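Me: I'd like a close look at one spot in this model, and then a walk through the places where something is bound or where there is empty space. Can you keep it informal but stick to the numbers?

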Amino acid sequence: MISSVLPTYSRAPLSFVKGEGAWLIEADGRRFLDLGAGIAVNALGHAHPALVKALTDQAAALWHTSNLYQIPQQQELADKLVEHTFADTVFFTNSGTESCELAVKMARKYFHDKGQPERVEVITFDGAFHGRSSAGIAAAGSEKMTKGFGPLLPGFVHLPFGDHDALTAAINDKTCAVLVEPIQGEGGIRPLPDACLKGLRDLCDEHGVLMILDEVQCGVGRTGRLFAHEWAGVTPDIMMVAKGIGGGFPLGAVLATEDAASGMTAGTHGSTYGGNPLGCAIGARVMDIIADPEFLAEVQRKSALLRQKLEGLVASHPDVFESVRGAGMMLGLKCKVAPGDLVAAGYAAEVITVPAADNVVRLLPPLTITDAEIAEAITRLDTAAGSLTPA
Ligand SMILES: *Cc1c(COP(=O)(O)O)cnc(C)c1O
């Protein structure tokens, strides 16, 4: 008989009942060190006092009105995002998937309104993940996500990841945008080298094509800069954000330049919940904390520590690990064992990690993780890896 929860996930036998910073407490009382952060969502850890206060204060005042009215919390968060990024304007969503929907719509509408309605194609890359809607799965294009779901939203062109020559050959007068994650998350923590991102920007400029960055997983301080593309010194025209921006509350956003957003006039897009007072009150506090240069410098320092210790871990378990990759607090352990086996061994050692494609186990700890917790994480990962080594 089917379970009452639709069985689209094969879930671990763990039920967490409480969170404190980088720790998750299981129903039986065990304390797990959380290096997954709900897949890069709990950027400030669990139950951060500033976010609990923002949530409870706003909950006592007002939860929901409608985008038919002014929403001061939404205005505040939009102003902060505009102040700290390339963007001139922001639309709020409830998820990364919804951000993908708008990013694609915005790019197509841009060219429609410029008198080039034939420019509808979006170029994407192998191993990408952009969400589970019809546009999201068509954008990523992998058979795993698309098979059995009928006709896909047309207008996506898939290229090998990071292949500049293929990209140069594929951009033409039907292309409206190139959509890429600066660091692939689900795809196995695969960073696009800075030089590639720069080359991509140049190519887009040359052909008048919009560059859409999906920073749903790598954004909001994850790499030690507010957004990952800052490392390459280029800016997109449109950017998808979600996950970390809500610190655990469902919140997403699409950021855009004034020009890229020019087609999105009154009535062209909307959302019932997107930008509601609860989510935006929390998002504004997340931005206050993470956009602070001192906080980001601390993320960079701790990331270097974590990475250095992980290199040591890899060296001491050559049968289990191949290498470490990624940036900041978005790191991947490329494994010689099945990633699921390492994740399960981690559960036994009371440390949470997340599997990804390409034989990688992801480490996406809360950005607030302490030095002592990093040391403890390595001890627990060492135990997990040790349990997999053939005797
Ligand atoms: C998680 C993710 C999405 C989808 O976000 P949801 O909130 O699950 O809809 C899109 N793109 C990337 C890069 C992601 O990591």
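**A buried threonine, the ligand site and the hollows**

Reply: T146 is buried, because its relative accessible area is 11% and the cut-off for buried is under 20%. Keep in mind that this is a predicted model. T146 sits in helix α6, which covers residues 143-146. Its side chain has a polar partner too: a polar atom there lies 3.0 Å from the backbone oxygen of S142.

Now to the ligand. Its surroundings are made up of S95, G96, T97, F129, H130, G131, E181, D214, V216, Q217 and K243. Sorted by class, that shell has 2 nonpolar, 6 polar and 3 charged residues. Asp, Glu and Lys count as charged, so the charged members are E181, D214 and K243. Phe and Val count as nonpolar, which puts F129 and V216 in that group.

Some of these side chains make polar contacts with the ligand. A polar side-chain atom of T97 is 2.5 Å from a ligand oxygen, and one from K243 is 2.6 Å from a ligand oxygen. D214 pairs with a nitrogen instead, with a polar side-chain atom 2.7 Å from it. As for cover, the ligand on its own would expose 380 Å², and the protein buries 83% of that.

Next, the enclosed space. The model has 3 cavities of 30 Å³ or more, and the largest holds about 80 Å³. Its lining consists of F125, F161, G162, D163, H164, L167, V180, L192, C196 and L200. Helices α7 (164-170) and α8 (194-207) each contribute at least two of these residues. By class, the lining has 7 nonpolar, 2 polar and 1 charged. Asp counts as charged, so the charged one is D163.

Finally, an open hollow: the second largest pocket, with about 660 Å³ of space. It has 26 lining residues, and Q74, T89, V90, F91 and F92 are the ones nearest its centre. At least two lining residues come from each of α3 (72-84), β4 (89-93), α4 (96-113) and β12 (252-256). Strand β4 supplies the largest share, 4 residues. The lining of this pocket has 14 nonpolar and 12 polar residues, with no charged ones.

Key:
Residues numbered from 1 in each chain as written. Predicted model: local features only at pLDDT ≥ 70, side-chain atom pairs only at ≥ 80, totals over all residues. Heavy atoms only, no water. Near = heavy atom within 4 Å. Polar contact = N/O pair within 3.5 Å; in protein donor to acceptor, adjacent residues only side chain to side chain. Areas by Shrake-Rupley, 256 points an atom, 1.4 Å probe, with all protein chains shown as cover. 1 Å grid on protein atoms, 1.4 Å probe; cavity = no way out; pocket = protein on both sides within 12 Å on 5 of 7 lines; lining within 4 Å. Points joined across faces, edges and corners; volume = space filled by probe spheres on them. Buried < 20%, exposed > 50% of the residue type's maximum accessible area, 1.4 Å probe, protein only.
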